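Trainee: Can we go through this model together? I have a few short questions.
Mentor: Go ahead.

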Amino acid sequence: MFSDRKSSYKAPPTIVTDKLVSQETRRKKALEEQKQRRAKKFDSTRQLDSFADLNLGPSDDEGDDVEETPEIIREGVSGFVSLITKSKATPNSTLADSIEETEQQTKKRGKNRRKRNKPKPNKWADKCMYAELLEMNGDNAWNDGLPADLEGGWVAVAPVPVGKRCLAVTHQSAGVVGIPPNTTLRSRVLGKLLLPRFPSALPPLTILDCILDVNWRDNGILHVLDVLKWKGQDVGECETPFRFWWRDTRLAELPKYPPPSIPFQFASPHEHQVSLSSTGTQHSATNTYHFPYPTSFIPIPYNTDTSLPCLSSSIIPGARTSRHILVDVPVNTQKPFTSVDMPIDRPHAVPSQLTTPVNVGIEPDGLLLYVSQASFEPGTSPLSCWIPIRGYSEGGQNQGLVTEESPLDLFQRLVQRRMSKQRIGNNENMQDESMDI
């Protein structure tokens, strides 16, 4: 059972989508709901409801002519009966009534005790914007399943790397950024810790939607997909192109810190022991160095031009191509830090050490499409569509197997078919115009 879950952790869920409703319909509905929530939130910030019941009252001229008459309340005492509370013991109460009341109170206490014992869900669970698998139909020439506004209303993210989806959360920490352990990685489904706290150059109160590289111990890379908050500022309510622009701009401004040349000292001895066993023995050769935690935050490339020629010639081939990134790796990992290496006048400075750039390859996994006008939506959403290189077959134990035609190949074939239809339509229009002339 564990192997099935591990092999299918990227497969789209089957219980959240309604197969009777098309993906296009659900997408339009989700986008409209987002617009309504955004409008309500904007109106609430303007506090229009507080002015709805206000009036200026009668003018001074009208007040002189109108005689004030006292208002007579013609209401009996019966209206105040509901305000009278029953006493716990009345003269007419019987022993059976008191026993029944005691049993009811016991049942209520039992229910409250069960509610208290029930574990609370993790607040970081299911906070990533998880894309649905794009529903495509290659056999239907009239309805291929591709979005109608594919060329103007979407943003393409490619190549999506192979890895584990997670949230990068930074906490409020004292001292210099990058020195104290202030960052945690949370799993997508349950929100549990993937790694102990580690230091990073990210500012406090930042939440990023990330993909932990499958070879992060060898390259120390954490791929940044989207941004929810940055330094306490909510960015998730913004549209997709702005969020990706903000992501690239802010990550480019972060200072670079060298990776640790010795195993990172975690807060507790147990965590330190686990980190040592997981990272292995440290050697002086650069090809055997293992990162104890991610040190490089790399944004995934995106493209706002999703026209059919750009998709066919640039985006889809790029989704299949491996990326090559330079990462800094310590040259000598056996030399420990001493008091001489640490500057005295800067107590929080990072120790200087020799590093060498190493070219590492990032394996591609597919293509992501985001609706341009959509904001960040936690959980599985039709506003983001996933097109993997390797296909998934339905079923518990067969998930993760490659089908005859991969979704990315099918997507490319449908895009090329749309392009050919556009050419035929343009040629027919040109012929009609020439005949009219």
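**Helix, cysteines, cavity**

Mentor: Helix α8 bends by about 30° at Ser 314, with a proline, Pro 317, following within four residues. The bend is the angle between axes fitted to the seven residues ending there and the seven starting there. Helices are DSSP runs (H or I, at least four residues), numbered from the N terminus.

Trainee: What are the ground rules here?
Mentor: This is a predicted model, where local features need pLDDT of at least 70, side-chain atom pairs count only at pLDDT 80 or more, and totals for chains, interfaces and linings use all residues. Residues are numbered from 1 along each chain as its sequence is written, and side-chain values use heavy atoms, leaving out hydrogens and water.

Trainee: Which residues of α8 are buried?
Mentor: Leu 308, Cys 310, Leu 311, Ser 312, Ile 315, Ile 316 and Ala 319. Buried means under 20% relative accessible area (1.4 Å probe, protein chains only).

Trainee: New topic. How many disulfides are there?
Mentor: The search of the whole structure finds zero; a disulfide is a pair of cysteine sulfur atoms within 2.5 Å.

Trainee: Why is Cys 210 not bonded to Cys 166?
Mentor: Because the sulfur of Cys 210 is 5.4 Å from that of Cys 166, its closest cysteine sulfur, which is too far for a bond. Cys 210 is buried, at 0% relative accessible area.

Trainee: And Cys 128, buried or exposed?
Mentor: Buried, with 0% relative accessibility. Its closest cysteine sulfur is also in Cys 166, 7.0 Å away, too far for a bond.

Conventions:
Helix = DSSP H or I, 4+ residues; strand = E, 2+ residues; numbered from the N terminus. Buried < 20%, exposed > 50% of the residue type's maximum accessible area, 1.4 Å probe, protein only.
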